[in-house]
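Could you walk me through the main features of this structure? I am new to reading protein folds, so a friendly report with short headings would be welcome.

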Amino acid sequence: MKLNVHGCRGSVPVQSRGQTRYGGNTSCFEVTFGQFQIFFDTGTGFRTAQFGGPEITKILLYSHWHHDHVQGFAFNPNIFVPDHKVLVASGLSSADVSRQMLQQYFSGSYFPIDVIGSLKNIIFHEFEYIKENFINDFRLNNLSLNHPGGASGFRLEHNKKIICYLCDNEYHETQLPELKDFVEGANCVIWDGMFTDEELSQKRGWGHSSVNQGIEFWEKCDVKKLLVTHHAPERNDDQLDEINNQLPGNVELAFDGMSYEF
């Protein structure tokens, strides 16, 4: 399995001279293996993601519908190529609701054209369909996260390699038993570390966790690597470097363009 980070910034995309090393694109993570190309969310990082050939099965998995997790969808030119069949599902919503959410976002008052209505190669499915239809190729599970409006975490397994996506979750110690079981044996857990502990105390209910909470979680779990994402938009490279340099073991901050082979 190969993991590519296309976007790891939270809330809004950013661009400044002091934010180039970690990047400014919002959430988009890509996992490739065999004949599959799977994306967790389509923030602005999705804009420059390249698609494999028509023989590759492309799947977009949405954790939730907040704008920083969907806003890049219509700006990737590959979705307008009829030969690229793209399957869409969400761990949070039914197929009909998923279609409605994306269609509303990219039409009417919010976007110049009805993108979803004009594309026949974008096919919406129930999450259970993706989970069950490809069970001979990979194993996929989800669980509910603690986020305003709801969000879904994902566990993707192929050839005994496991990647978990736990973005947009306000971690509480009561979640530990369920989350620990969910990520057991993972090669990589993608963790929402938008805040420092000091910031977190002022932003209860915002739906995000801290970097230190991620470290504590990693120490208690059977997980090889913890990749911290959803960096606060005001955080610059020097500040992120300072955080990154203090992280233990296999815990590190994600950056746009990062890739790992598992």
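## Strands β11 and β12

Let's start with a single pair of residues: Leu227 has Glu252 of β12 as its bridge partner. This pair belongs to the contact between β11 and β12, which run parallel and share three bridges. Keep in mind as you look around that the model is predicted.

On to the neighbouring pairing: β10 and β11 are also parallel, and six bridges join them. Here you can find Val189 with its bridge partner Leu226, which sits in β11. Is β11 enclosed by the rest of the structure, or open to the outside? Six of its seven residues are buried, meaning under 20% relative accessible area, so β11 is largely enclosed by the rest of the structure.

## The whole sheet

Now step back to see where these strands belong. They are part of an open sheet of six strands, and the order across it is β7-β8-β9-β10-β11-β12. The pairing in this sheet is mixed. At the edges are β7, residues 139-145, and β12, residues 251-253, each of which pairs on one side only. From one strand to the next, the twist averages 15°.

For an antiparallel example, look at β8 (residues 151-158) and β9 (residues 161-166), which are joined by five bridges. Within this part of the sheet, Leu156 stands opposite Ile163 of β9.

## Helices across the sheet

Two helices are worth finding next. Helix α4, made of residues 176-183, lies across β7, β8, β9, β10 and β11. Its direction is at about 165° to that of β7.

Helix α6 covers residues 211-220 and lies across β10, β11 and β12. Relative to β11, helix α6 runs at about 170°.

## The largest pocket

Which residues line the largest pocket? The lining is made up of Phe195, Thr196, Asp197, Glu198, Val211, Asn212, Ile215, Ile243, Gln246 and Leu247. The space in this pocket comes to about 170 Å³.

Helix α6 appears again here: with three residues, α6 gives the most to the lining of the largest pocket. Helix α5 (197-200) and α6 each supply at least two lining residues. Sorted by class, the lining has five nonpolar, three polar and two charged residues. As you explore, try tracing α6 from the strands it lies across, β10, β11 and β12, to the pocket lining to which it gives three residues.

Technical notes
Residues numbered from 1 in each chain as written. Predicted model: local features only at pLDDT ≥ 70, side-chain atom pairs only at ≥ 80, totals over all residues. Heavy atoms only, no water. Pairing = 2+ DSSP bridges. Helix = DSSP H or I, 4+ residues; strand = E, 2+ residues; numbered from the N terminus. Axes fitted to C-alpha atoms, helices over the stretch in contact; angles between N-to-C directions. Contact = heavy atoms within 4.5 Å. 1 Å grid on protein atoms, 1.4 Å probe; cavity = no way out; pocket = protein on both sides within 12 Å on 5 of 7 lines; lining within 4 Å. Points joined across faces, edges and corners; volume = space filled by probe spheres on them. Nonpolar A, V, L, I, M, F, W, Y, C, P; charged D, E, K, R; others polar. Buried < 20%, exposed > 50% of the residue type's maximum accessible area, 1.4 Å probe, protein only.
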